[in-house]
Every structure is written in structure tokens, then in C-alpha cells.
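Here's a quick tour of a protein model, written for someone who likes to poke at the details. Have the viewer open as you read.

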Amino acid sequence: MRNRIFTLALVVVLSLNGFAARVATDRAWYLAGEAMRVSVAADDASIVYAELCDTYGLAAGVVIGLEKGAGTGTMELPSDLHSGYYVLSVYTRDDTQVSHQLVAVVNPLRKSVDDDIEWVADDSCWAADKGAADLIDRKGLDVAEKDGHIIKARVKNTADGQKFNGSQIRPSLSIVGKQIHYFEGKMVDDSTAVFNTYGVHGRLPLVLTAMSPTGVSLPIEMVSPFASLLPKRLPHLVFHYRRNEVEARSLDMQRHQMAIAPAKRELQLGSIDDDTAIDGVPLDYDDTLFGNKPDITYNLDEYRQFLTIREAMIEYVTSVVRKRVNGVIRLSILREQERYDSSLPTLVLIDGMPVSDTEQLLNYDARRLHYINIYDSQYTFGYGMYSGIISFVTRSGRLTNYPTERHAQYLVYEFP
């Protein structure tokens with residue numbers, strides 16, 4: 001039975017050229033569970049997205065960074081893929097239709113009702129639908145290419161019985177840590193936010209938030225960068241295979257799956273200890289913002305420790321006041337004279353994350369806090385402007401035991 005199943009195999013790549021990028025894969029065919037290396041050459045791009053999908057959904061994807069117009073990425077193919085054609089789409093943010101290829105994948109260890117393949121046991125050439133190019137239809141990102149990495153998010157524009165349009169929603173993305181890496185997003189419609197991040201790389205914890213002008217927190221969720229329009233249909237595939245080659249490749253694939261199993265499990269768990277370093281942005285304390293030191297710094301090691309931030313603010317932090325705006329308590333910087341637009345909000349952060357619930361912040365354990373930094377200038381982040389920044393930095397830099405902000409999304413993301 002095993003030998004009979006192993007004879008049902010072969011894979012092919014059909015290139016549908018006519019776009020600006022040059023795309024090459026490392027093999028002429030793939031087994032489910034193998035690693036696919038995708039090499040791309042494209043002009044005027046720093047990042048490209050490569051995705052493999054069928055008519056049902058995304059099978060695998062990878063972000064490829066380009067240096068001098070070229071780069072290579074590795075895409076791990078799931079071991080449960082069905083046999084048949086898939087579409088490999090490679091695109092940049094400023095040229096949404098770079099390249100499409102039909103990639104045929106075979107699964108010799110598992111049969112599926114979705115298998116769409118005909119096997120021919122000889123070494124002759126393969127045949128496929130000549131009209132395959134007309135079957136592929138996709139839409140890509142409509143955001144111009146810029147330095148950095150673009151992230152998309154979906155925002156629910158209704159909350160507590162209120163509905164908001166895109167111009168009323170302020171989305172933000174922040175990297176959790178002892179440094180400030182904060183990005184304002186742009187609403188491209190009433191439910192889609194786009195963030196252009198820069199200066200960060202590696203596997204990092206981040207927080208997504210979306211706020212209304214009245215201080216209402218809206219649900220927000222990251223959208224996969226590999227969310228293309230799926231092909232409506234794919235051609236039937238006829239393969240001409242060589243049994244010995246498929247058997248040897250299948251054994252290599254199973255060894256590969258066993259080798260990567262521990263790393264896949266660690267990624268799925270996604271747990272990060274407070275004392276564990278994260279690849280990318282260093283966790284070392286750095287109070288500079290755009291090269292500027294804080295105007296005022298409170299080092300809580302120099303004061304008697306209080307149980308809550310509220311007590312510390314009353315006793316020591318005389319440069320910050322509480323105000324009620326639209327019925328919501330907000331923190332702002334106390335100034336002898338108003339030097340900036342008083343209608344602008346003050347950005348309040350804890351370990352880089354924006355604070356929407358001031359009362360929750362004031363009730364946080366002050367013994368976990370190390371610094372309170374006051375930046376008394378006017379700042380612009382993306383599409384948002386702020387009259388000063390109040391930055392709370394914990395000893396761990398990891399929001400240890402800080403209660404979850406309502407409707408915010410916490411996740412670990414692999415920045416290219």
C-alpha cells in the first residue's frame with residue numbers, strides 16, 4: 001500500500017511572466033512539508049511579499065527583504081496540503097502585481113478530497129491548461145512603498161452603541177519595551193488601518209490600539225500581510241513522475257519536519273519571560289526620543305516606594321496634572337504658560353504602550369516602576385500630533401502584571 005501511494009506524485013511550476021519582478025524557486029516541484037526557497041529580483045523595492053494559496057485560502061507566506069534589488073526567503077509548506085496546483089504570488093507595496101506562478105504540490109503521505117491531479121508514470125513532459133493565466137485574479141496593497149515595513153489592521157468602528165467613521169478613529173502601534181517605538185496609523189477606510197513601521201526588526205512584542213475622539217477604545221486586530229484575493233479556480237494538473245525521486249524526497253521531507261518541530265512548537269507557544277532578550281530592538285533603557293533627553297526625569301529609586309502610581313504622582317510628580325476631557329480622565333503636562341496647542345492631547349505611554357485607561361494606570365503597582373520621563377515638546381507620530389509625552393518605564397520593560405487594555409491586541413510579530 002505504501003509503495004502504491006508513493007507512486008502518486010510529481011510537481012511542476014508554470015511561470016506566468018509579464019510583470020516587473022524576476023521570481024525563481026529552488027525546485028521544479030514540491031512535496032507537502034518541504035521548504036520552498038523563493039528568490040526575487042525587483043527594482044525600487046525594499047520588501048516583497050510572497051504567498052502561496054489555493055481557492056480556499058492561504059497555505060503559506062513569507063516576507064522577503066531586498067538588498068540592491070534582490071533577496072531570498074524560505075516558505076515552510078504545511079505537511080497537510082492537498083495535491084494539485086497552487087498560486088505563488090510575489091508582490092511589492094507599490095507594484096501590486098509583480099509575478100504569479102502556478103506551483104504544483106503533491107502529498108504522497110495523505111490523500112484529500114481536494115486533490116486535483118492526474119498521474120502518468122513516465123518521464124515525458126507535463127501538460128497543463130494553456131488558459132491558466134486567465135484564471136488568476138488578485139488585488140494587492142494600494143499603499144505606496146516607503147522605507148520600513150507596512151502592517152495592516154482591521155478596526156471595528158462601532159462600540160458602546162456608537163459608530164465612527166475613519167476620520168474619527170486614531171489607530172496606533174507600539175513596540176513593548178524600555179524604549180519608545182510608537183507609530184500612528186492611517187485609516188484608509190472606516191475599518192482598515194495601515195501602519196508604516198521603521199527602525200525595528202526581529203521578533204518583538206507589540207500592541208495595537210484604536211481610539212475615538214471621545215476616548216472610546218475600539219476593537220482592533222492585525223490583518224495578515226498575505227491576505228490576497230484568492231483565485232476563483234485553478235486548472236487541472238497532469239503530472240509525469242519518477243517514483244525513485246519522489247520516494248527519496250519524501251524521506252528527506254520527513255527528516256526536515258522532525259528537525260523543525262521544536263522551533264515550531266516554541267513559536268506556537270509564544271511565551272516570553274521577563275528576563276529573556278528579544279531579537280531586534282535592545283531592551284536596554286534608552287530615554288532619548290528623536291535624539292532628545294527628557295525635560296524632566298523621575299527615578300523612583302531615589303524616592304520612598306509607594307504602593308500605587310497614584311500615590312507617587314501626588315507626592316513627587318508635580319509636573320503632571322489630571323484633567324477630565326469628554327468625561328474621561330487624562331494626564332497632561334503642567335506648564336507655567338501654554339507653549340503649544342492646548343487642544344492637542346498628551347501622549348501617555350507605559351513601556352511604549354499608549355494608555356487609554358488612566359485610572360488603571362494610576363492604580364498600577366509603583367514598586368514595579370523605574371522611571372517617569374516628561375518630554376515637554378510638540379511631537380508628530382504618523383498622522384497624530386501630541387502636546388508632550390509622559391512615559392512610564394517599568395523595571396522589566398515588559399508590562400509585567402499590567403492589566404490588559406480594553407479592546408487592544410497584544411501579539412508577538414516577526415519584523416523583516
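## A walk through the model

Tyr182 comes out as buried, with a relative accessibility of 5%. That value, like everything else here, comes from a predicted model. Its partner to look at is Phe381, which is also buried, at a relative accessible area of 5%. The two rings make an edge-to-face aromatic pair, with 5.2 Å centre to centre and 90° between the planes. Tyr182 belongs to strand β16 (residues 182–184) and Phe381 to strand β27, so this pair ties together parts that lie 199 residues apart in sequence. Zoom out a little and you get one aromatic cluster made of Tyr182, Tyr379, Phe381 and Tyr386.

There are 12 aromatic pairs in the structure. Another one to check is Tyr413 with Phe415: the ring centres are 4.9 Å apart and the planes sit at 80°, so this pair is edge-to-face as well. Both Tyr413 and Phe415 are buried.

Here are those two pairs in a form you can scan:

| Pair | Centre to centre | Angle between planes | Geometry |
|---|---|---|---|
| Tyr182 and Phe381 | 5.2 Å | 90° | edge-to-face |
| Tyr413 and Phe415 | 4.9 Å | 80° | edge-to-face |

**The overall layout**

Now for the whole chain. The protein has four helices and 29 strands. Half of it is tucked away, in the sense that 50% of the 416 residues count as buried. If you take the contacts with a separation of 6 or more, 75% of them are between residues 24 or more positions apart.

**The cores**

What is the size of the largest nonpolar core, and which residues have the most contacts inside it? It has 26 residues, and the ones with the most contacts inside it are Ile309, Met313, Ile350, Leu361, Ile372, Ile390 and Phe392. Two or more residues each come from α3 (309–315), β24 (328–333), β25 (347–350), α4 (358–362), β27 (369–381) and β28 (384–394). Strand β27 gives the largest share, three residues. A separate core of 24 residues lies apart from this one, and Tyr30, Ala32, Val48 and Leu52 are among its members.

Phe392 is a good place to centre your view. Leaving out residues up to four places away in sequence, Phe392 touches Ile309, Met313, Leu331, Val348, Leu349, Ile350, Asp351, Leu361, Leu369, Tyr371 and Ile372.

Strand β27 also holds Ile374, which is buried with a relative accessible area of 1%. Not counting neighbours within four places in sequence, Ile374 is in contact with Pro294, Asp295, Ile296, Tyr298, Ser319, Val320, Ile333, Ile389 and Ile390. The C-alpha atoms of Ile374 and Lys293 are separated by 9.2 Å, with their positions 81 residues apart along the chain.

**Cavities**

If you care about voids, the structure has four cavities of 30 Å³ or more. The second largest has a volume of about 50 Å³. It is lined by 14 residues, and the closest to its centre are Lys178, Gln179, Ile180, Ser391 and Val393. Strands β27 and β28 are the elements that give two or more residues to this lining, and β28 has the largest share, three residues. By character, the lining of this second largest cavity splits into five nonpolar, five polar and four charged residues.

**Loops and backbone angles**

Two loop residues deserve a look at their backbone angles. Most residues other than glycine have a negative phi. Asp351 has a positive one, near 50°, and sits in the loop between β25 and β26 (353–354). Asp351 is buried too, at 0% relative accessibility. Remember that Asp351 is also one of the residues that Phe392 touches.

Leu399 is the other case, with a positive phi near 55°. You'll find Leu399 in the loop between β28 and β29 (409–415), where it is buried at a relative accessible area of 10%.

Is Arg110 buried or partly exposed? Arg110 is partly exposed, with a relative accessible area of 46%. Its place is the loop between β9 (99–106) and β10 (117–120). Setting aside residues up to four places away in sequence, Arg110 touches Asp80 and Asp115. From Arg110 to Asp80 is 7.2 Å, C-alpha to C-alpha, for two residues 30 apart in sequence.

Key:
Residues are numbered from 1 along each chain as its sequence is written. This is a predicted model: local features need pLDDT of at least 70, side-chain atom pairs count only at pLDDT 80 or more; totals for chains, interfaces and linings use all residues. Side-chain values use heavy atoms; hydrogens and water are left out. A nonpolar core is a set of buried Ala, Val, Leu, Ile, Met, Phe, Trp, Tyr and Cys residues joined through side-chain atoms within 4.5 Å. Buried means under 20% relative accessible area, exposed over 50%, partly exposed in between (1.4 Å probe, protein chains only). Contact means heavy atoms within 4.5 Å. On a 1 Å grid over the protein atoms alone, a cavity is a set of points where a 1.4 Å probe fits but cannot get out, and a pocket is an open set with protein on both sides within 12 Å along at least five of seven lines; lining residues have an atom within 4 Å of a point. Grid points are joined across faces, edges and corners, and a volume is the space filled by probe spheres set on the points. Ala, Val, Leu, Ile, Met, Phe, Trp, Tyr, Cys and Pro count as nonpolar, Asp, Glu, Lys and Arg as charged, and the others, Gly among them, as polar. Rings of Phe, Tyr and Trp (its six-membered ring) pair if their centres lie within 6.5 Å; planes under 30 degrees apart count as stacked, over 60 as edge-to-face and the rest as tilted.
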